[in-house]
Amino acid sequence: MAGNDAFSTKVKGGVGEKLPHDSGHLHVSGRAFYIDDLPEPRGLLHVAIGTSSKAHALVVKMDLSAVLASPGVVAVFTAKDIPGKNNFGPVLEDDPIFSPGLVQYVGQSIFAVAAETFTQARRAARRAVIEYEELEPILDIDDAVKANSFVLPSEHIRRGDSKQAIAMAKHRLNGRVYVGGQDQFYLEGHIAMAQPKEDGDMLIYSSTQHPGEVQHLVAHALNKESKDIIVECRRMGGAFGGKESQPALFAAIVALVTHKTGRAAKLRLDRDDDMIMTGKRHDYNIDYNVGFDEQGRIKGLEFTFASRCGMSADLSGAVNDRTMFHCDNAYYLENVDIVSHRCKTNTVSNTAFRGFGGPQGMFAIEYVVDEIARFLEKDPLQVRQINFYGVGERDVTPYHQKIEDNIIHDIVNQLKDSAEYTTRRNEIRQFNAQSPFLKKGIALTPVKFGISFTATHLNQAGALVNVYTDGTVHLNHGGTEMGQGLFTKVAQVLAEELQVDIDRIKITASDTSKVPNASATAASSGSDLNGKAAQAAARTIKERLIAFAAEHFNVAAGEVQFSNNYVHIAGETMPFAEFVKLAHFHRVSLSSTGFYRTPKIHYDRKTFSGRPFYYYAYGAAVSEVVIDMLTGEYRLLRVDILHDCGQSLNPAIDLGQIEGGFIQGAGWLTSEALWWNESGELKTHAPSTYKIPVCSDLPVDFRVTMLESGTNREDSIYRSKAVGEPPLMLGISVFHAIKDAVASIADYKSSPRLNAPATPEEVITAIEGIKSQRVVNRRQTG
């Protein structure tokens, strides 16, 4: 052993360092392997799906002879070819892999064709002759409510007496607002590849956030057991929730092809098919009735949420539950009544999307608070602040969770000052008074977002850590990498725990044969859960090594420390690699699993009460826009964000998550409009018709700051906070800045009727509505 000179305290790539994404150099050089980049096995079959052209119909005749006779076609598969369950639904068995005779949306899978090439499979799929008996479709949320058409029972949360509180309030408002859905628009579309293994086993590469669920559903479809199926995912080219439940369909189809033919099979969707066939963020009709006092404090509030769930339940139960949990946002609602309708429509089943229903709930309450402020002719920020949850009082949510970590007052006050909100608001009003065609608007909106799966059993994770005798480390855990940097963060945790440089750690693909039964990488819980699991595995190995060192060198356990690639033993040091080699020689295990389950949480869904969330993440944003009143077009001029990441595991990655989340949230509420025609066909299914934000849509002045005093009062991984989903809701400030600009037309005396997304067409409609109100008012006063 060497002396103390080799001992220092800082390891390279530990917790808190601003490291680039572990695959960043591969991304920018085109050397990162996604599923379609993997070498194709010999004899690979390419698969295409035949889909429904009707929204609601019975299939009375299906002739696939021309499909089977097409060049290169090897086999065709329908529902009758599935040996097990014809279902890929994650919760209810209501999502058939292939329609058994009833089609319920345009784009629903009916059959699959396997051919020698990708082009041959796609061309053959178009040659099917299908005759339908059309049924009356339900395409609209309101029509679904009227017909009592629901995928799940409606739910209800009530606290206090909202009716009496509203009736006794000095002021009352009621109305309706619509908030649209959103396509995940990941860069890599859905893809799966299956390879046969010996004795009927199968390896499936799936672009999925939930390999374990894909494994189980594929096994059910093939009438096999989970042990017979391995699912692997090294990385996804984006997901945003769209690859949580949806990938099971495509994995099941390639697995069926491989099972029946004995050949490897691959299925990849092009952009149009991907957008038509897969679920999106739920759109909602939101009705509200609110009573409030002269200061704008809410006395009573009633919400009715009706969401488009599509043809099946998918994840709509949990999505709509989270809407109910987040329609308070940062505000104390003493008397509140919340109704949630989960509507069944003949459109594609909507699914998870970043925020998982929370954004729609927050949008609703922010809209109501803004309406109150405009009715009272007050600064909306003042009304927001007077309704904030208190500290030590007014601190219990409608679902009976006590808020113990409230920092929204500090965040908003800091941001208000640093962004010069009051000064700029006054300057904008002066500008608007002198500018007839260009109008500016500004808004500051808060975020309080609960962290944990609301399904309590999902809040668990596993990890596998192997230390080799050369001192390098192999890391595997149940989380998946979709570009968010989870693998990098968990590797940093391991580097910190073992005190080895991060370049000594090999990050490996998510694999159901290494970490079983893992929850989806979702609910912003990836780092919290998998970081803690990896930490547990590392600490188990360290405990063994410390016990060995204490016995071998005859020292106290407290005299053994790990630091910067060395082990410090009673004043002497030994390189980590040398030490673990010695431990191995003395038959000490250098491998361990780790497990973590989130503490404190509990939740009774029957009563919608308990503590569903371990903690809350907070943030706030100020957005300033300018609108062309003649065209409805607008530009985002400046954005100031202050966001709480706790003690960040990696500030560089967290900063990217904040910026990206904000832009995605702004896109949802401004430009990303989904449109179905009267036949139930989605017509916005490509970038030519569906507009996500591009570089030119970024604010000219973009200021993002992480709360310097941030820490997590709960024992999260290194006191960090989740940052995947919460920043998306910061984009709500853009919508309200647009609304503020439109309100200037009437000198802020009327509130615009503005739905989301606030496209230029929607803005023009709101402008015309304000002008009409002014004409009516003039006639009434005249």
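This is a short walk through one protein model, from its domains to its pockets and one sheet. Keep in mind that the model is predicted.

Let's start with the domains. The assignment gives three entries. Domain 1 covers 5-32 + 460-597. Domain 2 covers 41-136 + 188-277. Domain 3 covers 418-451 + 611-782. Note that each one is written as two stretches of chain.

How far apart are the centres of domain 1 and domain 3? Taken over C-alpha atoms, the separation is 40 Å. The two domains do touch: 21 residues from domain 1 and 22 residues from domain 3 take part in the contact.

Now the pockets. The largest pocket holds about 1,200 Å³ of space. Its lining counts 50 residues. Nearest the centre are Phe-240, Arg-354, Met-482, Gln-657 and Gln-664. Three helices give two or more residues to this lining: H14 (486-498), H15 (526-552) and H17 (651-670). Which of the elements gives the largest share? That is H17, with seven residues. As for chemistry, the lining has 19 nonpolar, 23 polar and eight charged residues.

On to the second largest pocket. Here the space is about 830 Å³. The lining has 37 residues, and those closest to the centre are Val-91, Leu-315, Ala-455, His-457 and Leu-458. The elements giving two or more residues to this lining are strand E7 (150-159), helix H6 (211-222) and helix H9 (316-326). By class, the second largest pocket is lined by 17 nonpolar, 12 polar and eight charged residues.

Where does the second largest pocket lie with respect to the domains? Domain 1 and domain 2 both give residues to its lining, so the pocket lies between them.

There are closed spaces too. The count is seven cavities of 30 Å³ or more. The largest cavity has a volume of about 140 Å³. It is lined by 16 residues, and Phe-88, Asp-95, Tyr-105, Leu-249 and Met-277 lie nearest the centre. The lining of the largest cavity splits into eight nonpolar, six polar and two charged residues.

Next, a sheet. Four strands make an open sheet with mixed pairing, and the order is E16-E27-E28-E29. At the edges sit E16 (438-451) and E29 (701-706), each pairing on one side only. Ignoring direction, neighbouring strands here are turned by 15° against each other on average.

Look at the E27 and E28 pair. E27 runs over residues 615-628, and E28 over residues 634-643. They pair in the antiparallel sense, over nine bridges. For one example, follow Val-622 across to E28: its bridge partner there is Asp-640.

What lies across E16, E27 and E28? Helix H13, residues 421-434. Relative to E16, helix H13 runs at about 145°.

Last stop, a single residue. Arg-271 is in helix H8, which spans residues 271-277. What does Arg-271 contact, leaving aside neighbours within four places in sequence? One group is Phe-185, Tyr-186 and Leu-187. The other is His-685, Ala-686 and Pro-687. Now compare Cys-327. Along the chain, Arg-271 and Cys-327 are 56 residues apart. In space, their C-alpha atoms are separated by 33 Å.

To recap: the largest pocket has its largest lining share from H17. The second largest pocket lies between domain 1 and domain 2. And H13 lies across three strands of the sheet, E16, E27 and E28.

Note on methods: Residues are numbered from 1 along each chain as its sequence is written. This is a predicted model: local features need pLDDT of at least 70, side-chain atom pairs count only at pLDDT 80 or more; totals for chains, interfaces and linings use all residues. Side-chain values use heavy atoms; hydrogens and water are left out. On a 1 Å grid over the protein atoms alone, a cavity is a set of points where a 1.4 Å probe fits but cannot get out, and a pocket is an open set with protein on both sides within 12 Å along at least five of seven lines; lining residues have an atom within 4 Å of a point. Grid points are joined across faces, edges and corners, and a volume is the space filled by probe spheres set on the points. Ala, Val, Leu, Ile, Met, Phe, Trp, Tyr, Cys and Pro count as nonpolar, Asp, Glu, Lys and Arg as charged, and the others, Gly among them, as polar. Domain bounds come from an automatic or database domain assignment. Two strands pair if DSSP finds at least two bridges between them. Axes are lines fitted to C-alpha atoms, for helices over the stretch in contact, and angles run from 0 to 180 degrees between N-to-C directions. Contact means heavy atoms within 4.5 Å.
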